[in-house]
Amino acid sequence: MNHLSRRHLIQTASLASLMSFAGWGARAKQTSLPINAGASEMSFKPGTNPVTFKSFGLDLVGDLYLPEDFDLAKTYKAIVGASPFPQVKDQIPATYGPEMAARGFIYLGFDYMGMGSSPALPGEHMKSRYMFRLIENTWDAVSYLGTLPFVDEIYGLGVCQGGSIIASASVTDHRIKKIVTVSGMMAADAFQWGDRGIADQMIAAANSSKQKMYEIGKADYCWPNVLDDSMTREEYNALGIPMSDDTYNYYGKDGVAGPGKVKNFTNEHIGDQPMQSLISIGEHYADKITQPTMVIYGPNAATAICSTNFIDRLTNNPEVRAFDEFSHVDFYWKPETVKASCDAAAEFFNK
């Protein structure tokens with residue numbers, strides 16, 4: 001054996017040994033159930049099951065939606081749900097969860113760290129929904145599902161910002177076998193940076209807020225969509241904000257899922273949010289996504305470019321479902337729109 005061949009064999013063996021030690025090789029499926037707040041192996045039941053799982057050492061609070069014919073002895077395809085900014089689990093997840101369970105899937109919706117019923121890290125502030133942590137929370141949600149013996153394959157389904165979260169998480173998490181984005185904000189550069197002057201104003205305000213919070217040790221909250229919890233539709237529309245009527249239909253105080261109608265929800269949010277939300281990870285790693293992908297969107301929606309630019313950058317032959325009649329926010333709540341997107345997602349996941 002020559003010197004090069006011997007060295008190659010040693011390197012290969014060393015790498016295999018290291019991978020085995022690190023747990024990177026093929027592993028048997030875990031069968032132990034985690035400790036969680038509202039469910040155990042014997043108490044899981046059809047419908048909504050309150051659960052918790054660990055992320056950053058915290059107990060994130062979620063709802064696990066199970067099919068009507070749920071049987072502990074069987075296995076099911078499971079979905080990690082990702083919600084729009086700045087939502088809590090009682091909004092999009094509480095809409096899509098039952099719909100996907102009715103189609104035979106397990107669906108996990110949860111409050112990200114510092115949102116809704118989930119705590120913030122010690123010394124940090126609530127409503128700090130930072131993109132990089134949303135991705136890691138999602139990885140931990142996948143890990144949680146992976147501990148459940150009745151879970152087979154795991155998929156990702158994200159709506160609006162949730163689309164960007166799922167797309168970004170899937171780049172290096174191949175435990176997520178397929179992804180679906182709905183009215184997703186994956187390719188947000190053109191949408192967020194189209195007017196550099198406005199982007200710079202957002203950054204300046206966020207930088208100032210971050211400095212203030214560091215100095216005073218208290219949260220600095222703002223209204224990121226310029227929609228406060230007390231505004232009437234007329235007051236909000238008068239501001240001339242793009243998509244104002246569509247946004248108010250859902251988030252306004254008279255909207256279907258606005259403040260006072262959904263537990264723990266407020267339009268108020270942490271002031272330094274744009275420092276991370278202006279960075280679109282999924283867009284720039286689109287060509288690294290290998291999992292089968294479906295993109296669902298409305299071509300006439302103001303956010304359509306966030307889906308079409310993403311589609312153009314994907315290299316995995318994505319499936320696309322375009323619904324001309326639906327706006328961006330229609331996908332959040334309108335029964336006929338939710339049915340159309342859930343039907344498409346179920347068909348895709350079942351292939």
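**Exercise 1. Work out how the axes of helix 3 and helix 4 meet, and which residues make the contact.**

Step 1: find the two helices. Helix 3 covers residues 131–146, and helix 4 covers 161–172. Helices here are DSSP runs of H or I with at least four residues, strands are runs of E with at least two, and both are numbered from the N terminus. This is a predicted model, where local features need pLDDT of at least 70 and side-chain atom pairs count only at pLDDT 80 or more, while totals for chains, interfaces and linings use all residues. Residues are numbered from 1 along each chain as its sequence is written, and side-chain values use heavy atoms, with hydrogens and water left out.

Step 2: look at the axes. Those of helix 3 and helix 4 come within 9 Å and cross at roughly 65°. (Axes are lines fitted to C-alpha atoms, for helices over the stretch in contact, and angles run from 0 to 180 degrees between N-to-C directions.) The crossing is right-handed, meaning the near helix is turned clockwise from the far one by less than a right angle.

Step 3: list the contact, that is, heavy atoms within 4.5 Å. Helix 3 brings Met 131, Leu 134, Ile 135, Thr 138 and Trp 139. Helix 4 brings seven residues of its own, among them Gln 161, Ile 165, Ile 166 and Ala 169.

Step 4: sort them. The contact has seven nonpolar residues, five polar and no charged. (Ala, Val, Leu, Ile, Met, Phe, Trp, Tyr, Cys and Pro count as nonpolar, Asp, Glu, Lys and Arg as charged, and the others, Gly among them, as polar.)

**Exercise 2. Trace the open sheet and say which helices pack on it.**

Step 1: get the order. Eight strands line up as 1-2-4-3-5-6-9-10, with mixed pairing. Two strands pair if DSSP finds at least two bridges between them.

Step 2: spot the edges. Strand 1 (47–55) and strand 10 (319–322) each pair on one side only. From one strand to the next, the twist averages 25°.

Step 3: add the helices. Helix 2 (residues 92–102) touches strands including strand 2, strand 3 and strand 4, and its direction makes about 40° with that of strand 2. Helix 11 (residues 304–313) touches strand 9 and strand 10, at about 155° to the direction of strand 9.

Step 4: zoom in on strand 2. Nine bridges join strand 1 to strand 2, and the two run antiparallel; here Lys 54 stands opposite Asp 59. Their hairpin has two residues between the strands, and Phe 56 takes a positive phi near 55° there. Strand 2 also runs antiparallel to strand 4, with four bridges, and Tyr 65 stands opposite Tyr 107.

**Exercise 3. Describe the largest pocket and the largest cavity.**

Step 1: know what you're after. On a 1 Å grid over the protein atoms alone, a cavity is a set of points where a 1.4 Å probe fits but cannot get out, and a pocket is an open set with protein on both sides within 12 Å along at least five of seven lines; lining residues have an atom within 4 Å of a point. Grid points are joined across faces, edges and corners, and a volume is the space filled by probe spheres set on the points.

Step 2: take the pocket. Its volume is about 1,300 Å³. Of its 40 lining residues, Phe 191, Gln 192, Met 202, Pro 224 and Asn 225 lie nearest the centre. Helix 6 gives the largest share of the lining, five residues. The lining splits into 26 nonpolar, 13 polar and one charged.

Step 3: take the cavity. The largest cavity has a volume of about 40 Å³, and its lining includes Met 113, Glu 124 and Arg 133.
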